[in-house]
Amino acid sequence: MYTRMTTRMMMTSYKAQLNYKMADLSAKAEAVQNERKYQRDSEDTVSSTRAYQYRRETARNEMYLENTKTMASLLDTREGVVQNLSDMAKTVRSDILGAITGTSSLESRTAYAQQLNEMQDQAIQFLNTSYGGQFLFGGISTKKVPYEIKDKTVHYRGVPVDGLTKEKMSQYQNLKSMDFAALKAEAAGDQDQLAKLDEQEKQLNELQKELDANLGKLEEFQKETQFVDLGFGLAVTDGEVNPNSAYNMASNGVSFLGSSVDDKNGKSMNFVQLIGDLADAIVQDPIDQDYIKQLTDNMKEAETSLVMELTELGSQMNFMETNQTRIEDVLKNLAEKTNSAEFIPEAEAITNFEQAQYAYRASLQIGSQILTMSFLDYMR
């Protein structure tokens, strides 16, 4: 059974097809102008979804790249500070050798001591360097000045770097050397002496408590973390950042400058504190060579620690450079994928336009052939 195809039906179908060809031609012409695969997301949902995903990835990686560049600049500034301190350590060693020679006078030693005190002040200024409005060596406390000297004692965030101030440390070490059990046995029956020993033992316990508390604070400072996302796949579990998934930008200086005192000689292990202690030691008359040797031995260890920190900073800077190159490669790849998802090559767009134009013209020619004259057209 056949269905009769009327002229009206044929014209309706033809006009629909012609309108489709005209719309397609218009779309292809617009694609030639803006080189986009689609003008609305609904026209190509697969490509548009991919494009949005690529753009989100691009935004994230641009943030990683900016963070990496910031960290590289920060590390470069830190390296400059540590390099200055390392150079200073060599100058300190030279000044000490000049001061303790057999021909040096008290006047010349006083001049050397003044130079050492000035270098100690300069070291504090280096350690209080700020970058982007934040103190480089303040740990997580980046808004307050971290290092200061009070009572001839270097303090970090209000805590003596040796655990006690210089005066209290001397008092503590004197009391620590006393055998209170033996002394009390000797003073049996002497109530005044026993009371004095009890008071001294009480002072020792109080100083020990203060020392332990301050050393605990210094240890906690060294454990502080301040993570920044550099594109390693940041992972957080129960509110704790996985240290392998982010970069810890916190730096306090205590870790490489030293803290507390040497267990062997009881002298400071902090580089900046040692400069001041050496300045005081060389103006003593007569000079205590053994005491100065203990200080210079500790200074050698502090200098070695500075060199190790320079090596570590160099390694981290190399890592930042590698990470920057990696992210730039990722961004380049994402840009290519985004262009592939959103845009069409110019040659392909022109070819598609020409094909659409050919199809539209062919439709016009076919229409003139298949549409017969109507009765009214014939009457004319």
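A salt bridge here is a side-chain nitrogen of Lys or Arg within 4 Å of a carboxyl oxygen of Asp or Glu. The structure above is a predicted model, and by this rule the count comes to 14 salt bridges.

One of these joins Lys166 and Asp280, whose side chains meet at 2.6 Å, N to O. The two residues belong to distant parts of the chain: Lys166 is in helix 4 (residues 166-176) and Asp280 is in helix 8, 114 residues apart. Lys166 is partly exposed, its relative accessible area being 27%.

A second pair is Glu201 and Lys184, with the closest N and O atoms 2.7 Å apart. Because Glu201 lies in helix 6 and Lys184 in helix 5 (residues 180-186), this salt bridge ties together parts that are 17 residues apart in sequence. Both ends are partly exposed: Glu201 has a relative accessible area of 27%, and Lys184 has one of 25%. Salt bridges that share partners also build a network, which joins Lys152, Lys166, Asp277 and Asp280.

A third pair is formed by Asp285 and Arg109, where the closest N and O atoms are 3.6 Å apart. This salt bridge again links distant parts of the chain, with Asp285 in the loop between helix 8 and helix 9 and Arg109 in helix 3, 176 residues apart. Is each partner buried or exposed? Asp285 is exposed, at a relative accessible area of 60%, whereas Arg109 counts as buried, at 6% relative accessibility. The cut-offs behind these words are under 20% for buried and over 50% for exposed.

The nonpolar residues come next. In soluble globular proteins, nonpolar side chains tend to be buried together. The largest nonpolar core in this model has 52 residues, and the members that touch the most other members are Leu85, Val92, Leu116, Tyr147 and Phe271. At least two residues of this core come from each of the following: helix 2 (45-99), helix 3 (106-127), strand 4 (153-156), helix 6 (191-223), helix 7 (254-257), helix 8 (271-281) and helix 9 (289-342). Which helix gives the most to this core? Helix 2 does, with 11 residues.

Leu85 shows what such a position is in contact with. Leaving aside neighbours within four places in sequence, Leu85 is in contact with Ala123, Phe126, Leu127, Leu257, Phe271 and Leu306. Apart from the largest core lies another core, of 12 residues, including Met169, Phe180, Leu194 and Leu197.

Two further residues are buried. Asn214 has its place in helix 6. At 9% relative accessibility, Asn214 counts as buried, because the cut-off is under 20%. Not counting residues up to four places away in sequence, Asn214 touches Val159, Pro160 and Gly163.

Thr142 lies in a loop, the one between strand 2 (134-135) and strand 3 (147-150). With 11% relative accessibility, Thr142 also counts as buried. What does Thr142 touch, not counting residues up to four places away in sequence? The residues are Gly133, Gln134, Phe135 and Gln226.

Note on methods. Residues numbered from 1 in each chain as written. Predicted model: local features only at pLDDT ≥ 70, side-chain atom pairs only at ≥ 80, totals over all residues. Heavy atoms only, no water. Core = buried A, V, L, I, M, F, W, Y, C linked by side-chain atoms within 4.5 Å. Buried < 20%, exposed > 50% of the residue type's maximum accessible area, 1.4 Å probe, protein only. Helix = DSSP H or I, 4+ residues; strand = E, 2+ residues; numbered from the N terminus. Contact = heavy atoms within 4.5 Å.
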